[in-house]
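Thanks for sharing this one. Here are a few notes to read with the structure open.

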Amino acid sequence: MLQIKDLHAGIEGKEILKGINLTIRPGEVHAIMGPNGSGKSTLASVLAGRSDYEVTGGSVDFLGKDLLELAPEARAGEGLFLAFQYPVEIPGLSTINFMKTAVNEVRKYRGQEVLDAAEFLKLMKEKMSLVNIDKNLLTRSLNEGFSGGEKKRNEVFQMAMLEPRLAILDETDSGLDIDAIRIAAAGVNAIRSKENATLVITHYQRLLDYIVPDFVHVLYNGRIVKSGGKELALELEETGYSFLKNEMNIA
Amino acid sequence: MNDGLSTIEQQITSDYKYGFTSDFEADQAPKGLNEDIIRFISGKKNEPEWMLEWRLKAYRHWLKMEVPEWANIKYPPVDFQNIIYYSAPKQTKKLNSLDEIDPELRRTFEKLGISLDEQKRLSGVAVDAVIDSVSVATTFREQLGELGIIFCSMSEAIQEHPELIKKYIGSVVPMTDNFYSALNSAVFTDGSFCYIPKGVRCPMELSTYFRINAQNTGQFERTLIVAEEGSYVSYLEGCTAPMRDENQLHAAVVELIAMDHAEIKYSTVQNWYPGDKEGKGGIYNFVTKRGICAGVHSKISWTQVETGSAVTWKYPSCILKGDHSVGEFYSVAVTNHHQQADTGTKMIHLGKNTRSRIVSKGISAGVSHNSYRGLVSVAKNATNARNFSQCDSLLLGDRCGAHTFPYIEVKNNTAQVEHEATTSKIGEDQIFYCNQRGIDTETAVALIVNGFAKEVMNQLPMEFAVEAQKLLAITLEGSVG
Ligand SMILES: Nc1ncnc2c1ncn2[C@@H]1O[C@H](COP(=O)(O)OP(=O)(O)OP(=O)(O)O)[C@@H](O)[C@H]1O
Ligand SMILES: [Mg+2]
């Protein structure tokens, strides 16, 4: 469903992604790990279509479409979702209103009927219980004054609402307490299916106990330098990233 | 990021949606202003002698006055001799039903989305529609009449309730108050009059749509609202004007009077033609709005959503004379392209235990300038006066300007005056966040702006809040790419 080939991207003339290759098939869960500053969030942003990043080479195919040609909102319409590492605050706009607009815009894009208030409420209730989020949070200004964990939980809620084909979770576990991680993982697992895929960016093996990945990749200095099964995450937890420097120096 | 912002500005292409003109025959005065023109206007309206004298007095005073220049706005001088001061759509006989209205006029209203028929009654809105200078239709007057409420055009009020007009006209905004109020006093052509008798709660929103239509027609309405003891009224004024190349002058005067325990809520949605992208054309909106809380425990609340006009100069104010009276000012002012707005309020605390609250939200895009100018004044005898002011500015792009000019004059040391101000920018990251959820940039800006303005929008009567939200979005269309 997602094929990234030799993707190069950067910002203000500085290259950050230096040739990424990654294929994700429907039904798979991939995890990306890697040291701070290695380019994980950059990869997520480039896939989501953030315009500050300039793509300087390579290609990305998403469900048969040239992803890089699509506007960010069209990517969302096609089923790409990004749970942000740093969710943005919008004063005066409640998550409910935000989601009502988002769900209906995405439905319009997909040629589906927009939901009326009652239908929307029904969907919302269903997803709220799925990710165990408090209604009060959803009536407050989007992310404004939310705790770190609340913001992340809100991202998971939004993901559940939008039912994406490919969800990218950028350190959604950071800041979550253990119970919340379980709930977030349950949210991800609930929408897991043969058709959908998930790309989890994380620093901690712990999340992967709940969202068990089919593949783990190590991103270092703008490249995927190592890929393996879920045991790679355990290995990294033990050894850290110091091996990378040695390996890279030899290479 | 840079790329993002320049597309933001390139895309400023929103067209004014209400830019059409209707061509019914106008019955109008020749261009220019002199005593004969004033006599012509007064004569057309069949006014009593005292009214004509009042106008002439204002005119003679106006001749001695100078155009105010202290506001943070720039525009070429207005040629007051190049304006037509009276223009009325031809309409010979009094209308008994809406079906008798000139079909062209009907279509104009329809394009504006004002339906004068049963729908409005069902939604509980009485409309006194003003096209150019003559009020053409007043609905639900009978229903209101049963409660003793008077809601009619100013011209009719002068004929039918001269004692009330004589008593209150110019009592809050004296004809000599300022250049434009003097001009208005001399040449005002119509407007609305509203009288709520003692103890009556007006059961519906009273609403007037003003519309400037014939070319080169200045519009000078006068609105007067009197709320007697213990009464309540909510009044909404909404405006749209068709597209024009030449600048048109609009200088209205609004006076509100609230007696003991009375409350007046006055809401404005102003969407006059702002001029084109290059700053050509557009309405000059120089308005004097003032209310007096004359009685104890009275309350006046101004809510305005200002999205139109090339130049706006407007400070709806409250004189808090009665003890325990309350004044409120809620404002959203949006400027785009070359629009300039200098708006705010004056809260004059005279009585004891008076309170005022100011919430101003300025939104600037393009190369526009948006200024808040507010005065909070506490007189020597106004013990325990309280004021809270919140002035927030939101910038779209980096070529526009937001300015805040708060003036505070306190002569009583029991007063508590608080002022808070913030300036923020719509962030690319906010827009991207929305984009990522499938929301296009236009809609994202509308969501963010409406969020920013929410506190004020919440003050609008329900029926108009939706319309006002749409207007914000229309005004800012294409201002962020
Ligand atoms: N807007 C930007 N301007 C300049 N440099 C940037 C920008 N965004 C990212 N970078 C740089 O690109 C590199 C990769 O950043 P990125 O956020 O992708 O790392 P990451 O792998 O997600 O790190 P972390 O684990 O800390 O979240 C870093 O060196 C960062 O400083
Ligand atoms: Mg990151």
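The points below cover the two ligand sites of this predicted model.

1. A good place to begin is the shell around ligand 1. Of its 15 residues, those that come nearest are G37(A), K40(A), S41(A), T42(A) and H203(A). By class, the shell divides into eight polar, four nonpolar and three charged residues.

2. Which elements supply this shell? Strand 2 (14–24) and helix 1 (40–48) of chain A each give at least two residues. Helix 1 of chain A has the largest share, with three residues.

3. Please look at the polar side chains facing the oxygen atoms of ligand 1. For T42(A), a side-chain N or O atom is 2.5 Å from an oxygen atom of the ligand. For K40(A), the corresponding distance is 2.7 Å, and a polar side-chain atom of N36(A) lies 3.0 Å from a ligand oxygen. On its own, ligand 1 has 640 Å² of accessible area, and the protein covers 66% of that.

4. Next, the metal. Which residues coordinate the magnesium ion (ligand 2)? They are S41(A), through OG, and Q85(A), through OE1, at 1.9 to 2.1 Å. This pair links distant parts of the chain, 44 residues apart: S41(A) sits in helix 1 of chain A, and Q85(A) in the loop between strand 6 (80–83) and strand 7 (90–94) of chain A.

5. Are these two residues buried or exposed? Q85(A) counts as buried because its relative accessible area is 16%, under the 20% cut-off. S41(A), at 25%, is partly exposed.

How values were computed: Residues numbered from 1 in each chain as written. Chains lettered and ligands numbered in written order. Predicted model: local features only at pLDDT ≥ 70, side-chain atom pairs only at ≥ 80, totals over all residues. Heavy atoms only, no water. Near = heavy atom within 4 Å. Polar contact = N/O pair within 3.5 Å; in protein donor to acceptor, adjacent residues only side chain to side chain. Areas by Shrake-Rupley, 256 points an atom, 1.4 Å probe, with all protein chains shown as cover. Helix = DSSP H or I, 4+ residues; strand = E, 2+ residues; numbered from the N terminus. Nonpolar A, V, L, I, M, F, W, Y, C, P; charged D, E, K, R; others polar. Donors = N, O, S within 2.8 Å, 3.2 Å for Na, K, Ca; no water. Buried < 20%, exposed > 50% of the residue type's maximum accessible area, 1.4 Å probe, protein only.
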